[in-house]
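Q: Please take a close look at one part of this model, the place where two of its domains meet. I should like a connected account of what each side brings to that boundary.

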Amino acid sequence: MSMIDLFRCLLAGLLLACLAGTGDARAGEPALHVSLLPGAEAPGGDVTHIDVDIRFEAGGNGPDAPLLALARIYANVDTVAATMTGFEVSDALGPLALTVEDEPDGLVAFRRWLPEREVSGEVRVRYRAPVTNALPARGAAPPYDLRTEGGGVSGAGGAFLALPADGRDYGITLNWDVSALGAHASASGSFGDGDVVLPAGSVSRLNRAFFMAGPLNRYQPAGEEGGRFAAAWLGDPPFDADELMGWTARLHAWMDDFFPAGDDAPYRVFLRHNPVNAGGGIAMINSFLVTFNDATRADSLKSTLAHEMVHTWAGGLEGPDNAWFSEGVAVHYQRLLPWRAGMIGAEAFLDDLNSTAARYFTNALIDTPNGEIAARFWEDTRIRVLPYDRGAMYLAVLDALIRERPGGARSVDDLVFETILARHEGRAMDEAGWVELLRAELGEEGVSLHGAMMAGAVMTPPSDAFGPCFERVEHDFRRFDLGFEPASLNASPRIIRGLDPASEAYRAGLREGDEVLVPVPQDSIQADQYATLTLQVRRGDARHAITFLPRGDTVPAWQWQHAGYNGTCGLD
Ligand SMILES: [Zn+2]
């Protein structure tokens with residue numbers, strides 16, 4: 001797909017859906033066997049590599065059609081395409097020479113291997129995928145790369161699996177040999193524990209899956225061995241992961257009752273260390289991945305865990321540029337549902353709501369029209385967070401409007417449920433379908449509110465939008481402001497451009513033309529008035545660490561606080 005299609009797709013919903021790719025299913029069910037053999041310095045030590053051994057029946061490939069594909073860049077992550085060793089491909093006729101075709105650099109850029117002759121019989125592909133724990137080189141990126149910790153290894157299939165490129169559906173067997181990782185080692189993944197067999201389907205399922213092997217720590221609700229919910233992690237997170245996963249399992253069960261049209265698919269949560277952008281999560285097939293660093297507290301992960309689970313039921317709208325819906329819904333419910341379930345207190349609810357509100361109402365680019373977001377998604381963190389923050393505030397505005405209608409029995413929940421049911425029943429549900437739901441519920445008032453949101457109008461929920469226990473107040477906050485051109489951090493190399501001499505960054509010693517050596521996270525610190533940014537910069541032959549508060553003008557922003565009401569707080 002083209003870059004623009006991919007950006008549109010990213011904004012339409014979940015990243016993983018965009019990376020699914022397309023393929024024409026043809027008759028027959030060829031088999032794909034994937035064997036993974038991690039190797040370590042010593043049992044319990046760092047994992048140094050995974051030996052990958054892939055076999056499949058050739059589908060009549062000739063020199064004109066690619067035989068294998070592995071992204072070089074997968075969602076801004078450098079894969080093992082450039083670092084793999086011992087790459088050998090053979091078929092029934094012996095060694096197979098291949099030519100390489102690389103897509104140009106982009107958010108996703110595939111490498112494809114074309115055979116130099118007709119392919120016959122079983123194809124066998126072997127290579128060693130190194131595990132280096134190198135920091136991501138390209139800036140903001142999901143934690144898909146292979147990493148070792150706690151004597152084990154984890155990563156997304158898209159970051160290390162070279163798979164058949166013929167677009168056919170394959171029945172897949174996946175086998176692990178974890179004997180090099182010690183007596184207590186085991187393997188898990190988005191499709192289940194240990195070796196798995198998958199029915200015929202797209203090979204891209206493997207790209208969208210997360211894998212983890214080593215001396216795994218595991219959580220399963222008591223008495224539900226082999227049940228739907230399970231979690232796995234490596235090493236020692238700086239919080240009680242067992243207790244946090246128990247909380248997550250209870251919320252998973254609560255959401256399963258709340259949302260219509262759930263399925264019985266197993267659900268996995270993987271936790272791993274993240275050196276760059278800890279605290280974030282990403283939905284994978286049948287599972288999600290949450291990341292932490294040495295300072296992460298369990299409470300701070302609850303929003304992320306709730307957010308990613310909401311995605312699995314709520315999904316998105318069909319069509320491009322609909323992240324305002326998928327992400328808005330996920331942010332709206334990430335605090336509301338745990339609070340309704342009695343699984344977080346009012347303080348935690350307010351903290352999460354006010355974090356979104358502070359980031360949104362101080363955003364200097366708050367009025368960027370929805371249609372302009374895709375093109376600028378990766379260049380500026382203030383653009384990237386808009387679908388989340390604006391979407392959530394919009395849904396709160398809508399919720400308040402619907403609740404104040406005569407009768408008062410309906411809420412925005414009912415509209416969201418309609419979209420879920422439509423998808424479940426195979427009916428199309430896109431932005432136009434959503435607008436029709438609004439028209440039926442609120443008349444033209446709903447339609448014009450939606451139009452205003454899409455055009456970039458500021459969405460301000462009324463004071464009682466979150467129930468009678470909370471009220472809206474104004475607070476002064478400083479805007480997030482790097483003090484230089486945000487695109488500087490996405491360029492390669494990252495050279496500081498457009499530095500404002502009145503900025504905090506300049507005052508801390510940053511200078512025009514400095515090269516930033518290590519990518520830095522920004523999405524989360526936008527919401528925190530006191531979060532500093534440390535840039536590792538090179539100026540000539542000297543290197544400096546420059547720490548500053550990335551804040552500019554002071555502006556008023558809406559927040560919510562306790563209203564001193566003693567009745568029932570919840571919005572059921
Ligand atoms: Zn999300």
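A: In this predicted model, ten residues of domain 2 are in contact with seven residues of domain 3. The two partners are parts of a chain that is divided into domain 1 (1-210), domain 2 (315-475 + 556-562) and domain 3 (482-549). Between the C-alpha centres of domain 2 and domain 3 the distance is 32 Å.

The area that domain 2 and domain 3 bury between them is about 800 Å², and 43% of it lies on carbon and sulfur atoms. On the domain 2 side, Arg-359, Glu-379 and Thr-381 supply 51% of the area buried against domain 3, more than any other three residues.

As for specific interactions, the count of salt bridges between domain 2 and domain 3 is zero. Polar contact between these two domains amounts to one residue pair, with both residues at pLDDT 80 or more.

Turning to secondary structure, helix H7 (346-361) and helix H8 (381-384) each supply at least two residues of the side of domain 2 that touches domain 3. The largest share of that side comes from H8, with three residues. By residue class, the side of domain 2 that touches domain 3 divides into five charged, three polar and two nonpolar residues. Thus described, the domain 2 side includes five charged residues, while the count of salt bridges to domain 3 is zero.

Note on methods: Residues are numbered from 1 along each chain as its sequence is written. This is a predicted model: local features need pLDDT of at least 70, side-chain atom pairs count only at pLDDT 80 or more; totals for chains, interfaces and linings use all residues. Side-chain values use heavy atoms; hydrogens and water are left out. Domain bounds come from an automatic or database domain assignment. Contact means heavy atoms within 4.5 Å. Buried area is the accessible area (1.4 Å probe) that two parts lose on being put together, summed over both. A salt bridge is a side-chain nitrogen of Lys or Arg within 4 Å of a carboxyl oxygen of Asp or Glu. A polar contact is a pair of N or O atoms within 3.5 Å; within protein, one must be able to donate a hydrogen and the other to accept it, and residues adjacent in sequence count only if both atoms are side-chain atoms. Helices (H or I, at least four residues) and strands (E, at least two) are DSSP runs, numbered from the N terminus. Ala, Val, Leu, Ile, Met, Phe, Trp, Tyr, Cys and Pro count as nonpolar, Asp, Glu, Lys and Arg as charged, and the others, Gly among them, as polar.
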